[in-house]
Amino acid sequence: MKEYYIDLGSSTIKVYEYRNELKLIEEYSIYFKNDFDSKKGISSNNLDELCDFFENLKNKYNLKYENTHIFVTGIFRNLCYQKRMEMVKLFNDRFDLFFNIISHGIENYYLAKAMENDYNDKKVLIINMGGKTTELVTFEGSKITDTKNLNIGVADLLNNFNKVNEQVSKNTIEEMDKFVEEKLSDIKLDNDYDCCIFTGGEERFELLTGFNLVENTLFNDGVHKYMLSLEDYISGTEKVFYEITLDELYKLMPNNPKWMDGARSGAIIPLTLFKKANVKWIIPSDLNLINGVINDL
């Protein structure tokens with residue numbers, strides 16, 4: 001039987017089909033942060049859009065309670081208890097599906113499961129960034145030695161830099177980097193990492209936008225084929241900010257162009273962390289918590 005796994009975050013919904021292997025079949029962006037209130041919930045427009053999306057999904061794939069597993073993260077954790085229960089009841093009554101809001105700790109657990117590897121005995125920093133939060137996991141050998149949850153995500157940058165999504169960004173990388181540095185001034189990171197794996201569709205994005213990726217020679221897990229230097233990451237980010245227009249970014253992802261609204265801002269938090277941790281090599285990754293859920297079966 002086919003199983004369906006859904007990652008529902010602060011701005012993007014990813015739908016996976018699983019039977020022997022995991023396959024991304026749908027991706028859709030809704031900016032749940034817009035007009036969000038912990039006591040009132042997500043905006044009525046966003047709620048209608050979310051329900052329409054799930055109505056279509058349910059009919060298209062015959063989603064049922066027993067074959068569908070939803071993992072809700074990000075801004076939905078900020079809902080008050082009453083609003084959480086309302087969302088659970090809505091999904092149960094309307095779609096016969098469980099609106100499963102998971103804790104930061106559970107998300108960290110599945111992220112670690114997704115990234116579980118010996119990494120050729122390297123010390124690896126994992127960065128998993130969402131709309132409102134960012135998770136950090138450190139692997140040394142095959143063991144997790146540290147986890148950190150950061151209350152900053154792409155939405156914080158979009159809210160504070162309103163010129164980043166002009167056709168060519170009128171906000172600079174430097175001013176946005178400084179903003180994140182100040183936000184993370186109390187965060188302490190080791191500075192002896194061999195590399196950093198940056199998750200959440202980053203490999204796809206860097207391939208689409210022409211980052212200077214080279215063969216991953218640090219480890220061979222059959223998944224992460226590429227790496228790039230910090231200098232090339234900065235150069236690629238400059239290209240996305242100042243050379244590739246927003247319309248051109250949209251055209252690179254025609255099935256879900258709104259995802260690209262977070263592309264420029266989404267490059268800055270990891271950049272700050274790379275520098276803070278003295279990372280020399282970056283491994284772009286498309287893995288996320290759903291990969292961890294599957295690995296945990």
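So, Glu166: at 33% relative accessible area, this residue is partly exposed. Keep in mind that what we're looking at is a predicted model. Glu166 pairs up with Lys170 in a salt bridge, and the closest N and O atoms there sit 3.6 Å apart.

While we're on salt bridges, some of them share partners, and that's how Lys113, Glu116 and Asp296 end up joined into one network. Inside that trio, the Lys113 and Glu116 side chains meet at 3.7 Å, N to O.

Then there's Asp146 with Lys148, another salt bridge, where the closest N and O atoms are 2.5 Å apart. Are those two buried or exposed? Well, in between. Asp146 has a relative accessible area of 29%, so we call it partly exposed. Lys148 comes out at 22%, and that also puts Lys148 in the partly exposed group, because buried would need under 20%. And if you search the whole structure, how many salt bridges turn up? The count is 15.

Okay, moving along to Ile152. You'll find this one in the loop between β7, which is 143-150, and α4. Ile152 is down at 3% relative accessible area, so it counts as buried, the cut-off being under 20%. And which residue has a C-alpha 6.1 Å from that of Ile152? That's Thr134, and the two are 18 residues apart in sequence.

Now the inside of the protein. In soluble globular proteins, nonpolar side chains tend to be buried together. Here, the largest nonpolar core has 43 residues. If you want to click on the ones with the most contacts inside this core, go for Ile127, Leu157, Val180, Tyr233, Leu273 and Phe274. Several elements each supply at least two residues of the core, among them the strands β5 (123-129) and β8 (195-198), and the helices α4 (154-160), α5 (173-183) and α8 (246-252). Which element gives the most? It's α10, with five residues.

Helix α7 is also on the list of elements that put at least two residues into that core. But α7 has a surface story too. Glu238 is found in this helix, which covers residues 230-242, and Glu238 is partly exposed, at 33% relative accessibility. So where does Glu238 come in on the surface? Together with Glu174, Glu175 and Glu243, Glu238 gathers in a patch of negative charge.

That's my tour. Happy to pull any of these up on the screen.

Technical notes. Residues numbered from 1 in each chain as written. Predicted model: local features only at pLDDT ≥ 70, side-chain atom pairs only at ≥ 80, totals over all residues. Heavy atoms only, no water. Patch = residues over 30% accessible without salt bridge, like charges linked within 9 Å, V, L, I, M, F, W, Y side chains within 5 Å. Areas by Shrake-Rupley, 256 points an atom, 1.4 Å probe, with all protein chains shown as cover. Salt bridge = Lys/Arg side-chain N within 4 Å of Asp/Glu carboxyl O. Lys, Arg positive; Asp, Glu negative; His and termini not counted. Charge placed at Lys NZ, Arg CZ, Asp CG, Glu CD. Helix = DSSP H or I, 4+ residues; strand = E, 2+ residues; numbered from the N terminus. Buried < 20%, exposed > 50% of the residue type's maximum accessible area, 1.4 Å probe, protein only. Core = buried A, V, L, I, M, F, W, Y, C linked by side-chain atoms within 4.5 Å.
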